[in-house]
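The report that follows looks at how two chains meet in a model, and at the salt bridges found in it. Please keep the sequence and the structure in view while reading.

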Amino acid sequence: MDSVISLVGKDFGLIAIDTNSPRSVIILKNDLNKYIEIGKNKFLAVSGHPGDVSQFTDFIQKSIQLHSLKIGIPLSTHAIANFIRKEVSFCLRKSPVKINLILVGFDDSIGSSLYLIDYLGNLQRMNYCAQGHTSLLVFSLLDRHFQKEMNIEETIGLLVKCIGVIRNRFLINQPNFLIKIIDSKGCRGLGVL
Amino acid sequence: MARRYDQSTTTFSPEGRLHQVEYAIEAINNAGTCVGLLCTDGIVLTAERRVVSKLLAPSKTSEKTYTIDDHVVALVAGLTADANILINQSRLGSQRHMYKYQEPMPVEQVVKSVCNYKQAYTQYGGLRPFGTAFLFAGWDAVHGFQLYQTDPSGNYSGWKATVIGQNNQAGKSILKTDYKTENKVEDNLKVAVKILLKTMDSSTPSPERIELSTIRRNEDTQQIEHYTLSDAEVGALIEDIQAEIEKEQKKEQASTGDI
């Protein structure tokens, strides 16, 4: 049910997450934050079963924080992505976590990067990604219009197009999309679409 | 007085010292000298290889220099058997990090993990400490080229240049005069060999008794290169330095009018 759309632009990453919390046919809460911030400029958007989401993301966030405190230097996006993938993969044949994660991070050395970790422990670095049923609608738009190193205005324009298609065609009403930007200054919100 | 409190590692003396750890540190001072020098474009490492008998088969692998990972190298001073265990531990730690994060372990972290392992043997278990000191040298993206010294207590410290093992005080005094932080690897090769010649207890130094290597980073391939100099190259350096020493001695004799 969750929709997540994410793209990397020139020195920043952008992510749009819907804020619905549904239970059966009712929307319980329409301003839920389905993400966690790891360190200064790494951002993890998670979609899947709510219990698994809270438990797993808490574990990841605290593990990474402990590591930073112990070592004194923050982990890179690549290292965090592989660490998360290992944990998902480790649980796979014992008690699988039914969540998909999108990790967006900014490192001074390589700029912005986006990683998809799915519930089977697949890890893939991508330029743009979408989660949920709406990915069926959104990927074709992204395939057509995405270019590398777009600036913020172009990226938001593309996001608006994607959300427009979702509102037009998706059965479930998702009125609010939280937009977050991740760049050298950290993670901050750009408002709600 | 120390006799009553030095039998067990896990007992403090009344003066607040751990005698077993201190004795272990003493054991290092009889070991073959190791020298490490940080340069602007790399690290120079050299060690004296002790040959106790002519009947010993020449070693195919090094007994002083060990590769811990692609980006970390260690020099050993002290009990070789103890060193083997610790080298194994550090290699394991480094690969575990690589397995988990798919990134090389930062050099200081490698050193810390070995030191934490060493420290355990000074606090519990009733086992004696490891009688080895290391010089860890490597490169990582966070701090560039680094050189660390570890001792049996589990302490470590970062150095620009250091000497451990036999006659290390003599070596360190040469460092004070001859080592320059702006030197490149080429210049420091000579300084390293000069220190070894002074600290070795042989009047006829030969390349077989010196292990000399450099760590550099290839900017194009972004790989760390650990290069061990051949006997011929070491021999050439020894000759250069002996010639320089003779020249200096002659100059001194001339200036004091001893001719």
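In this predicted model, the contact (heavy atoms within 4.5 Å) takes eleven residues from chain A and ten residues from chain B. Residues are numbered from 1 along each chain as its sequence is written, while chains are lettered from A in the order in which they are written. Local features need pLDDT of at least 70, side-chain atom pairs count only at pLDDT 80 or more, and totals for chains, interfaces and linings use all residues, whereas side-chain values use heavy atoms, with hydrogens and water left out.

The size of an interface is often given as the accessible area lost when the parts come together. Here the buried area, which is the accessible area (1.4 Å probe) lost by two parts on being put together and summed over both, is about 980 Å², and carbon and sulfur atoms give 61% of that area. The elements that give two or more residues to the side of chain A that touches chain B are α1 (50–71) and α2 (77–92) of chain A, where helices are DSSP runs (H or I, at least four residues) and strands are runs of E (at least two), numbered from the N terminus. Of these, α2(A) gives the most, with five residues.

The table sorts residues by class, with Ala, Val, Leu, Ile, Met, Phe, Trp, Tyr, Cys and Pro as nonpolar, Asp, Glu, Lys and Arg as charged, and the others, Gly among them, as polar.

| Set of residues | Nonpolar | Polar | Charged |
|---|---|---|---|
| Side of chain A that touches chain B | five residues | four residues | two residues |
| Contact of α2(A) with α2(B) | four residues | two residues | two residues |

The axes of α2(A) and of helix α2 (residues 80–101) of chain B, being lines fitted to C-alpha atoms over the stretch in contact, come within 7 Å and cross at roughly 85 degrees. That makes α2(A) roughly perpendicular to α2(B), a term used for angles of 65 to 115 degrees. His78(A), Ala79(A), Asn82(A), Phe83(A) and Lys86(A) of α2(A) make the contact with Tyr99(B), Lys100(B) and Tyr101(B) of α2(B).

Between chain A and chain B there are zero salt bridges (a side-chain nitrogen of Lys or Arg within 4 Å of a carboxyl oxygen of Asp or Glu).

Definitions and conventions
Axes fitted to C-alpha atoms, helices over the stretch in contact; angles between N-to-C directions. Parallel < 35°, antiparallel > 145°, perpendicular 65-115°, else oblique.
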